[in-house]
Amino acid sequence: MQGLKKLLSASRLGQALVHPATRLALRATRTVALVGTVSFASYSSGVHDALADPDGQTEQILKMVLMSTGGAPTLEPDAPDARLVARLGNELVLAAQEWLSHELEALEAKSAGGTGVGGSDVHEERLRLQMHLRTMRRQWRFVVIDDPAVQAFVTDVLPGFVFVHRGLIDLMRGSPAQLSFVLGHELSHHILEHNEQARDLQRGFSLLQLLVLATVDPTGLLSFVAVELGALGALLSIGVALPSSRTHESEADALALQLVVRSCRDPAAAIQALAELAELEELEEAAEALAGAPAMRGLGTWLGALIVSHPPTHERFERLRALLPAAEAEYKRQGCEQRKSQLWRAITSNLAA
């Protein structure tokens, strides 16, 4: 080995190869290549399985998602609550299609008007909107989980699905507009690619940790702190991931309000969903305090604000209240009140006959 080093040191190329900076770069390159290979192999395997048996893969993933939420059964599609959620959800899907079509038209008008939008930027944005429009035109499934939890969610491992727990329906049973807003919020996460962004960010975190450990950790101390104690991941999460998640929630709220209006649901009633959820949170905090658990109100401190993934619900409600006048103006512009009156007259006329 010593002889090889002397031989390499005799030339400029050899000196460059044995230089510490070169070895550091090679080590980092090997790490990136390894991570990329593993990720690509996993992705290719998943694509192969999905192409071989798309329906079977979907059902298998659906079972895994349901097990991760506690394994509660789902309501049959013809159950009243399931029909209600499906009807509201499909209204929102149509509203999302309309919104995306409007965004495409606005983009083309801006491009044709020569307002300074770059050609490549317009092309990329056009492709993105067209892709989302195709996504919203797929067959969406709204799954009701027979569980008392007050929760709804989407997951990027199962696109085209929105999950709603029965507890949320019970909480908002008297107001379809509120339930519509929550469903619109979850659809908005899909449209705005929040799950994909979060996944890419997590991959970046993992790669960064590996690069740090591979290049600047000759003693192994950093590995212990970063991996065993999770310090590096925690710092990255607090500094980047959680603020990004809180921003995503606010963005999804704003788009959900637009979708609610386009489906002719009263926007003022819709955002009361957040007031209902805020009240529920306060009741839960009070119950935890009586039981001797740490009060969640402590999350209102600067430390709590750093470690939560969602903005406080009452803050989300106040942000939407600022958007309410514009939403109500759009609601009137679309003639929603007249359309509802005509529908009600038609229903009462049919009942009388």
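**Exercise 1.** Is C336 buried or exposed, and what is its relative accessible area?

*Solution.* In this predicted model, the relative accessible area of C336 is 0%. Because buried means under 20% relative accessible area, C336 counts as buried.

**Exercise 2.** Determine which residue is joined to C336 by a disulfide, and describe where the two cysteines lie along the chain.

*Solution.* A search of the whole structure finds one disulfide, and this link joins C264 to C336 with an S to S distance of 2.1 Å. The two cysteines are 72 residues apart and the pair links distant parts of the chain, since C264 sits in the loop between α11 (231-262) and α12 (267-270), whereas C336 belongs to helix α16 (residues 336-352). The angle about the S-S bond is -80°, and the link of C264 and C336 is left-handed. As for the partner, C264 has 9% relative accessibility and is therefore also counted as buried.

**Exercise 3.** Work out how helices α13 and α15 are oriented to each other, and which residues make their contact.

*Solution.* The axes of helix α13 (residues 272-290) and helix α15 (residues 313-333) come within 8 Å, crossing at roughly 160°. Because angles over 145 degrees count as roughly antiparallel, α13 and α15 are roughly antiparallel to each other. The crossing of these two helices, α13 and α15, is left-handed. On the α13 side the contact is made by Q272, L274, A275, L277, A278 and E281, and on the α15 side by T313, H314, R316, F317 and L320. Sorted by character, the residues of the contact of α13 with α15 comprise six nonpolar, three polar and two charged.

Conventions. Residues are numbered from 1 along each chain as its sequence is written. This is a predicted model: local features need pLDDT of at least 70, side-chain atom pairs count only at pLDDT 80 or more; totals for chains, interfaces and linings use all residues. Side-chain values use heavy atoms; hydrogens and water are left out. A disulfide is a pair of cysteine sulfur atoms within 2.5 Å. Helices (H or I, at least four residues) and strands (E, at least two) are DSSP runs, numbered from the N terminus. Buried means under 20% relative accessible area, exposed over 50%, partly exposed in between (1.4 Å probe, protein chains only). Axes are lines fitted to C-alpha atoms, for helices over the stretch in contact, and angles run from 0 to 180 degrees between N-to-C directions. Angles under 35 degrees count as roughly parallel, over 145 as roughly antiparallel, 65 to 115 as roughly perpendicular and the rest as oblique. A crossing is left-handed if the near helix is turned anticlockwise from the far one by less than a right angle, and right-handed if clockwise. Contact means heavy atoms within 4.5 Å. Ala, Val, Leu, Ile, Met, Phe, Trp, Tyr, Cys and Pro count as nonpolar, Asp, Glu, Lys and Arg as charged, and the others, Gly among them, as polar.
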